[in-house]
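Here is a short tour for anyone with the sequence and coordinates open. Please keep the viewer at hand while you read.

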Amino acid sequence: MKFIVSRNELYKNLSAISGVLSTNNTMQILDNFLFTVKGSKLTATASDLDCTMSAEIELNNVEGEGSIAVPSKNLLETLKLVGESPIVFYTMEDGDSISLQFNVADGVYNDHCFPGAEYPDVTKQMTDCQNFDIEAPLLHKAISKTLFATSNDELRQNMMGVFCELNSENITFVATDAHKLVKFRSNAVHTPDPASFILPKKPLQQLKNVIAGTTDNIQVSYSKESNYIRFAFGNITLYSSLKEGNYPNYQVVIPKDNDKSFVVSRDSFLQSIRRVGIYANQSTYQIRVSLAADSASVTGEDIDYSKKAQESVVGTFTGDPIEIGFNAKFLREILENIDAPEIQLEMQQPNRAAIICPYGQTDEDDEYLLMLIMPVMLNN
């Protein structure tokens, strides 16, 4: 088997799919890319069994067809260190080694390879599929707004992903780790048949990286029967298993009767949280937010090290004065993931969840973002 491929095209696509590779594979062959040549196309595949990503690449001067597993680390490092040139890629007669020839470096590089037949069948047969399309910028936005709020608790596997809910009116993405919760809804995508599933973090991170800056239309197919999902766009296809189990009823934790509101510049509030958080206890990250009249007093203190910081942030407050505690790290993460110039902080009691959302949005908007943060007990 022999073919010629552009170095830049090969490196770009292998870099895109390489994030799927795991450092602790249980099968040695998964440390390799699977190269499958058919006609004038090369399909490069990377997998960790749960998540699989492949890219199709156009070839020149193809002789023969077949598949081999190529060591990923050596190939990527070699491609990184050579400039653009056609690469002559061929398998040796013994079938256990490959050879790469770069015109620009005038060099030949040989490496061991494995028969493609030894690579596990990673593209599951998906039955009884449902399909929908979503634009890449919208999916990138939904992932960016929710991924940071997913749980890392191995005992709560169903929360270690983003919950996706579809109906005839919209699509909703939800993530929570029990300390914070994010809900992002868009009316741009809807399906006649309601459905829901939990997307694992790793494939979402891969998608976020690959679709950044593109405007592709992404075709999504999912099967609850096979417990699998596929994303296809351009020359890239990503397969992933879905998280098993039921997602918590997130609606019940979102308060509906908050009677206190603070409208403030997102940037001013965020910068204040960042600075004051430096002086908070570094194990609890507890800060105190006192709201009254038209300002907020933000205080961070670590009694053990005699540290304390206090700032005032100007805003518009309505309701009775309130003093509430937050984890500065969680509050900072939430504010960093809101793009609006002004945010609205809604509360009721110091021991009840607070809502943070872009100021001025309504339920009727085509896109709706809501972030929730649980308060912390204040030390008097």
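## A ring cluster to begin with

A good place to start is with Phe3, Phe35 and Phe89, which ring pairs link into a cluster. Please keep in mind throughout that this is a predicted model.

Across the structure there are 9 aromatic pairs. One of them joins Phe197 and Tyr222 in a tilted arrangement, with 4.7 Å from centre to centre and 45° between the planes. This pair links distant parts of the chain: Phe197 sits in strand β15 (residues 195-200) and Tyr222 in strand β16 (residues 217-223), 25 residues apart. Both Phe197 and Tyr222 are buried. Another pair, Phe262 with Phe269, is edge-to-face, at 6.3 Å centre to centre and with 75° between the planes. Phe262 and Phe269 are buried too.

## The chain as a whole

Stepping back, the protein chain contains 6 helices and 26 strands. Its C-alpha trace spans about 80 × 50 × 35 Å along the principal axes. Of its 380 residues, 51% count as buried. If you look at contacts between residues at least 6 apart in sequence, 66% of them join residues at least 24 apart.

How much area does the protein chain expose? The figure is about 18300 Å², and carbon and sulfur atoms supply 46% of it. As for charge, the chain has 31 positive and 49 negative charges, and the mean positions of the two sets are 5 Å apart.

## Two nonpolar cores

In soluble globular proteins, nonpolar side chains tend to be buried together. Here, the largest nonpolar core has 98 residues, and the members that touch the most others are Leu14, Phe35 and Ile287. Phe35 is also part of the ring cluster described at the start.

Which residues does Leu14 contact, once its neighbours within four places in sequence are left aside? They are Phe33, Phe35, Ala44, Leu75, Leu76 and Leu79. Apart from the largest core lies another, of 13 residues, including Leu181, Tyr247, Ala353 and Ile355.

## Three buried residues worth a click

Leu166 is found in strand β12 (residues 161-166). Its relative accessibility is 2%, so Leu166 counts as buried. Beyond its neighbours within four places in sequence, Leu166 is in contact with Phe132, Ile171, Val189, Thr191, Pro194, Ala195, Phe197 and Tyr222. Two of these, Phe197 and Tyr222, are the partners in the tilted aromatic pair. Leu166 and Asp193 are 27 residues apart along the chain, and their C-alpha atoms are separated by 7.9 Å.

Ser272 lies in helix α5 (residues 266-277). Is Ser272 buried or exposed? Ser272 is buried, because its relative accessible area is 0%, and the cut-off for that label is under 20%. Setting aside its neighbours within four places in sequence, Ser272 is in contact with Val298, Glu311 and Val313. Asn327, for its part, is found in strand β23 (residues 322-327). With a relative accessibility of 11%, Asn327 also counts as buried. Asn327 and Gln286 are 41 residues apart in sequence, yet 4.8 Å apart in space, C-alpha to C-alpha. Leaving aside neighbours within four places in sequence, the contacts of Asn327 are Thr284, Tyr285, Ile373 and Val376.

## Two loops with positive phi

Most residues other than glycine have a negative phi. Against that background, two loop residues deserve a look. Leu49 is not a glycine, although its phi is positive, at about 80°. Where is Leu49 found? Leu49 lies in the loop between β3 (41-47) and β4 (51-58). Leu49 is partly exposed, with a relative accessible area of 35%.

Asn227 is another residue other than glycine with a positive phi, in this case near 60°. Its place is in the loop between β16 and β17 (228-233). Strand β16 is also the one that holds Tyr222, a member of the tilted aromatic pair with Phe197.

Technical notes. Residues are numbered from 1 along each chain as its sequence is written. This is a predicted model: local features need pLDDT of at least 70, side-chain atom pairs count only at pLDDT 80 or more; totals for chains, interfaces and linings use all residues. Side-chain values use heavy atoms; hydrogens and water are left out. Helices (H or I, at least four residues) and strands (E, at least two) are DSSP runs, numbered from the N terminus. Buried means under 20% relative accessible area, exposed over 50%, partly exposed in between (1.4 Å probe, protein chains only). Contact means heavy atoms within 4.5 Å. Accessible areas come from the Shrake-Rupley method with a 1.4 Å probe; for residues, only the protein chains shown count as cover. Lys and Arg count as positive and Asp and Glu as negative; His and the chain ends are not counted. The place of a charge is taken as NZ of Lys, CZ of Arg, CG of Asp or CD of Glu. Rings of Phe, Tyr and Trp (its six-membered ring) pair if their centres lie within 6.5 Å; planes under 30 degrees apart count as stacked, over 60 as edge-to-face and the rest as tilted. A nonpolar core is a set of buried Ala, Val, Leu, Ile, Met, Phe, Trp, Tyr and Cys residues joined through side-chain atoms within 4.5 Å.
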